[in-house]
Amino acid sequence: MNLFQLFGGNRLKMGMIGTGRIAEKFMEAVGDAKGVAVTAIYNPRIESAAAFARRQGVENFTDDLEKFLTDDIDAVYVASPHEEHYYYTKESLLHKKHVLCEKPLCFSTEEAKELYALASQQGLILMEELKTAYCPGFLGILSAVRAGEIGEVYDIEAAFTRLTPTNLRETTNIRYGGGFTEFGSYGLLPVFRLLGTNYDEVRFQSSYMNNGLDRYTKAVFSYGDKFAVVKAGVGVKSEGQLLISGSKGYLLCKSPWWLTREFDLRYEEPEKKERQKFSFVGTGIQYTLSVFRERIKDKSDSLNEILIEEQESVARAGVFQRFMEENRERRQKAREEYRARPNMKIWAHRGMSRQYAENTLQAFRAAAELGKGLTGIEMDVQLTKDGHAVIMHDERIDRVTDKRGFVMDQTLFDLRNARISLGNGETVMVPLLTEALKLLRPYCLENGLKLNIEIKSDVIHYEGIEEEVLQCVRDEELLSY
């Protein structure tokens with residue numbers, strides 16, 4: 001049977017679970033990969049599935065998981081929030097679909113072993129999407145080290161940090177967010193690939209945010225007389241390099257090492273230095289897709305690699321499990337200490353945006369009704385084409401409405417025809433700033449509620465937006481309340 005017959009055509013048909021930031025990058029990678037197409041979208045929120053499918057030109061979308069998994073697809077890409085990876089991967093395997101799951105696959109050794117055993121029983125390919133593992137540059141690193149270019153490896157240092165906005169999942173998901181669970185997978189890759197998974201000890205050192213999540217973590221591994229350090233952070237910035245120290249020299253891959261384009265081999269003699277360069281195309285996910293597709297075609301050709309990756313994936317899950325168990329009390333303590341501080345102020349970001357659609361009157365009203373425990377409400381303002389101040393965070397309306405385009409290109413009439421879904425079948429209009437101020441004025445005057453009006457002019461310069469916002473505030477007599 002040739003590859004064309006195997007996939008019922010010349011493409012591997014993939015269904016996607018989840019429509020967040022990484023899903024956008026995956027679609028870009030599909031465009032760079034050969035013989036792969038996303039033909040179905042699933043999200044438990046139908047409006048999110050529909051909006052993503054519309055943007056990406058995918059015809060089939062649904063909020064019915066059973067319908068999605070019984071659709072005409074060969075494989076599933078799991079791009080849901082971290083805590084849902086195990087569930088969606090298991091359901092996909094039970095429905096006899098090959099699975100490519102975003103890292104981390106799961107958060108316990110037992111769950112990881114269960115998933116790989118299930119894949120084996122079903123004769124399916126299960127891979128954890130870790131693009132660095134398959135890019136030419138990282139493969140070059142492995143080749144150079146294994147060829148003995150720097151002698152025997154005694155120490156590995158790998159760092160991946162990013163200053164992440166405080167409103168994103170990485171910094172708000174109390175159980176599964178934080179620096180190490182978000183970026184630790186990358187640092188663990190070269191450590192396990194070169195030193196193995198049978199380490200003697202691992203110790204964690206973390207710095208915590210106010211909500212108890214780790215803003216920065218250092219994991220120190222001991223392998224007898226060999227060592228490794230993995231650094232990951234969402235609120236501390238470090239040099240994102242990979243340093244592999246050997247008995248003859250060292251390998252240095254500068255930041256961002258996980259998008260490996262070049263590395264240096266350096267030695268005792270300063271003049272003795274070799275630089276190796278490699279290509280890195282697009283997002284890098286297409287390298288994983290190519291391997292995934294070929295393994296579905298004939299996994300026997302790469303059985304040894306599959307077993308090594310499975311062992312490493314299980315070991316990563318075990319490290320995350322231990323980290324989360326050891327940090328449970330520390331996270332709770334950090335949260336309690338923060339809450340005990342005097343004069344702590346609480347602001348509702350874009351209103352009560354966890355319960356209602358962000359920056360809507362419904363979200364603002366729900367937040368305001370919380371009472372005196374709330375310090376204030378934050379909202380975002382932009383200008384329409386005809387100069388009206390409206391509440392909208394993004395410069396484009398695509399993410400939160402059923403229309404497309406920039407706010408600056410919409411007249412007020414155009415924008416008021418765009419609908420925001422509340423998730424219960426009800427839709428609402430994009431609010432004017434004056435509407436939000438009228439709604440919140442009584443809460444401001446009676447309860448002392450504060451308003452933080454963020455003027456979104458950092459990307460697009462709106463001529464006269466400051467004057468328009470100021471006039472709206474004056475009209476509602478809120479300028480000096």
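Tutor: Helices (H or I, at least four residues) and strands (E, at least two) are DSSP runs numbered from the N terminus. This is a predicted model, in which local features need pLDDT of at least 70 and side-chain atom pairs count only at pLDDT 80 or more, while totals for chains, interfaces and linings use all residues. Residues are numbered from 1 along each chain as its sequence is written, and side-chain values use heavy atoms, with hydrogens and water left out.

Student: How many cavities of 30 Å³ or more does the structure hold?

Tutor: A cavity is a set of points, on a 1 Å grid over the protein atoms alone, where a 1.4 Å probe fits but cannot get out, and its lining residues have an atom within 4 Å of a point. Points are joined across faces, edges and corners, and a volume is the space filled by probe spheres set on them. Here there are three cavities of 30 Å³ or more, and the largest has a volume of about 120 Å³.

Student: Which residues lie nearest the centre of the largest cavity?

Tutor: Of its 16 lining residues, those are Tyr116, Glu128, Tyr134, Glu309 and Arg316. Helix 11 (residues 303-339) gives the largest share of this lining, six residues, while strand 6 (126-129) and helix 9 are also among the elements that supply at least two each. By class (Ala, Val, Leu, Ile, Met, Phe, Trp, Tyr, Cys and Pro nonpolar; Asp, Glu, Lys and Arg charged; the others, Gly among them, polar), the lining divides into eight nonpolar, one polar and seven charged residues.

Student: What lines the second largest cavity?

Tutor: That cavity holds about 40 Å³ of space, and its lining is made up of Ala40, Ile41, Asn60, Phe61, Thr62, Lys67, Phe68 and Asp71. Strand 2 (36-42), strand 3 (60-62) and helix 4 (65-69) each supply at least two of them, with the largest share, three residues, coming from strand 3. The classes are four nonpolar, two polar and two charged.

Student: Which element gives the most to the lining of the second largest pocket?

Tutor: A pocket, unlike a cavity, is an open set of points with protein on both sides within 12 Å along at least five of seven lines. The second largest one has a volume of about 360 Å³, and of its 18 lining residues the closest to the centre are Phe107, Arg175, Tyr176, Met324 and Arg328. Helix 11 gives the most to this lining, with eight residues, and the lining as a whole has six nonpolar, five polar and seven charged residues.
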